[in-house]
Amino acid sequence: MGYFRELPDLQYQSFLSDNNSSQNYLIVKNLFRRCKLRDDLQNVFTIFDKYNIQDGMRPDNVAEELYGNSELDWVVLMCAGIVNVRDEWPLSNKNLYEYASDLYGLQLNDIRHYESLEVRDSQEKIIMPAGKVVDENFTVNYFDTQSKTYKKNSKSQSRIGISNYNYEVRKNEAKKSIYVLRAAYLQQFLNDMRQEMGYSRSSQYVSRNLARTENTRTISP
């Protein structure tokens, strides 16, 4: 991931066994330095596009498609608001089935819960919206104003069972829709991010991309 090259450096006191001077430092990446997308930018639709992740695509595949550089996968993740790739990036259909099979075993196709089906009266007025979690015996009874009669739907007309596997498929499908940065704004995004990543002047400041930690060997009695 090219993101780690964007991190500023840190001079950290050396504790290596062959260290022969209190002034020896190691240069490491400052993993605690990070940026996030401003919350108010999420609704600026001139900067972002809606993107649907195809089956089996990884962040680097998306970056290659959008920006011609697979190492900009971190831009894809940052703009999508994804922190934990393992949990927040969609699985391929094959991996999803294997994951669900391991998780549920023989109960993979058992009913997890029931959801309502859409019910309309004779005037197409919605009596019951679809997708509400209901119990197994749920039915819909209503008075139809046009025919002036009471109507009763059977269970099969009122609700549908959602299996454990269907539930996992739905969760995975929801992860496939993300917002991505338009390529025209990529360079400005990189410039702004690098500016924010840089160090401000302080007692630890060495340069914009380098800071030095306190040396406990020189400040302790």
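**Notes on α5, S163, the turns and the salt bridges**

1. K94 and D102 are exposed, and they sit on the other side of α5 from the buried residues. Those buried residues are L96, A100 and Y104. The three cover an arc of only 40° around the axis, which is why they end up on the same side of α5. Keep in mind that this is a predicted model, so read every point below in that light.

2. Now the helix itself. α5 runs over residues 93-104, 12 residues in total. From the first C-alpha to the last it reaches 16 Å, close to the 16 Å expected at 1.5 Å a residue. What lies over its buried residues? The cover includes β4 (111-116) and α7 (164-175). Just after the helix comes G105, with a positive phi of about 60°.

3. S163 is worth a look. It belongs to strand β10, residues 159-163. Is S163 buried or exposed? Its relative accessibility is 7%, so it counts as buried. The side chain of S163 reaches the backbone nitrogen of N166 at 3.0 Å. Setting aside neighbours within four places in sequence, the contacts of S163 are L108, N109, D110, I111 and R112. I111 and R112 fall in the 111-116 range of β4, the strand that also helps cover the buried residues of α5.

4. Two residues deserve a check on their backbone angles. As background, most residues other than glycine have a negative phi. E124 goes the other way, with a positive phi near 65° in a residue that is not glycine. Where is E124 placed? It is in the loop between β5 (119-120) and β6 (126-128). With a relative accessible area of 52%, E124 is exposed, the cut-off being over 50%. E124 also turns up in a network of salt bridges, linked with E118 and R120. If you are inspecting that loop, view the positive phi of E124 together with the network.

5. The second one is K148, which is not a glycine either and has a positive phi of about 55°. K148 lies in the loop between β8 (141-144) and β9 (149-152). At 63% relative accessibility it counts as exposed. The two flanking strands form a hairpin with four residues between them, and K148 is in that turn. How do β8 and β9 pair? They run antiparallel, over four bridges. D144 stands opposite T149 in β9.

6. On to the salt bridges. How many are there? The count comes to eight. One of them joins R182 and D49, with the closest N and O atoms 2.8 Å apart. That pair links distant parts of the chain, 133 residues apart. R182 is in the loop between β11 (177-181) and α8 (186-197), whereas D49 is in strand β3, residues 48-52. R182 is partly exposed at a relative accessible area of 31%, and D49 is partly exposed with a value of 31%.

7. Another bridge sits within α7, the helix already named as cover for α5. Here the side chains of E168 and K171 meet at 3.6 Å, N to O. The two are three residues apart in helix α7, so about one helical turn separates them. Their surroundings are worth stating separately: E168 is buried, with a relative accessible area of 5%, while K171 counts as partly exposed at 37%.

8. Finally, K176 forms a salt bridge with E173, the closest N and O atoms being 3.0 Å apart. Which of these two is buried? K176 is, at 8% relative accessibility. E173 counts as partly exposed at 39%. So a buried lysine is what we have here, because 8% is under the 20% cut-off.

Technical notes:
Residues numbered from 1 in each chain as written. Predicted model: local features only at pLDDT ≥ 70, side-chain atom pairs only at ≥ 80, totals over all residues. Heavy atoms only, no water. Expected span 1.5 Å × (residues − 1). Buried < 20%, exposed > 50% of the residue type's maximum accessible area, 1.4 Å probe, protein only. Arc of directions from axis to C-beta. Contact = heavy atoms within 4.5 Å. Polar contact = N/O pair within 3.5 Å; in protein donor to acceptor, adjacent residues only side chain to side chain. Salt bridge = Lys/Arg side-chain N within 4 Å of Asp/Glu carboxyl O. Pairing = 2+ DSSP bridges.
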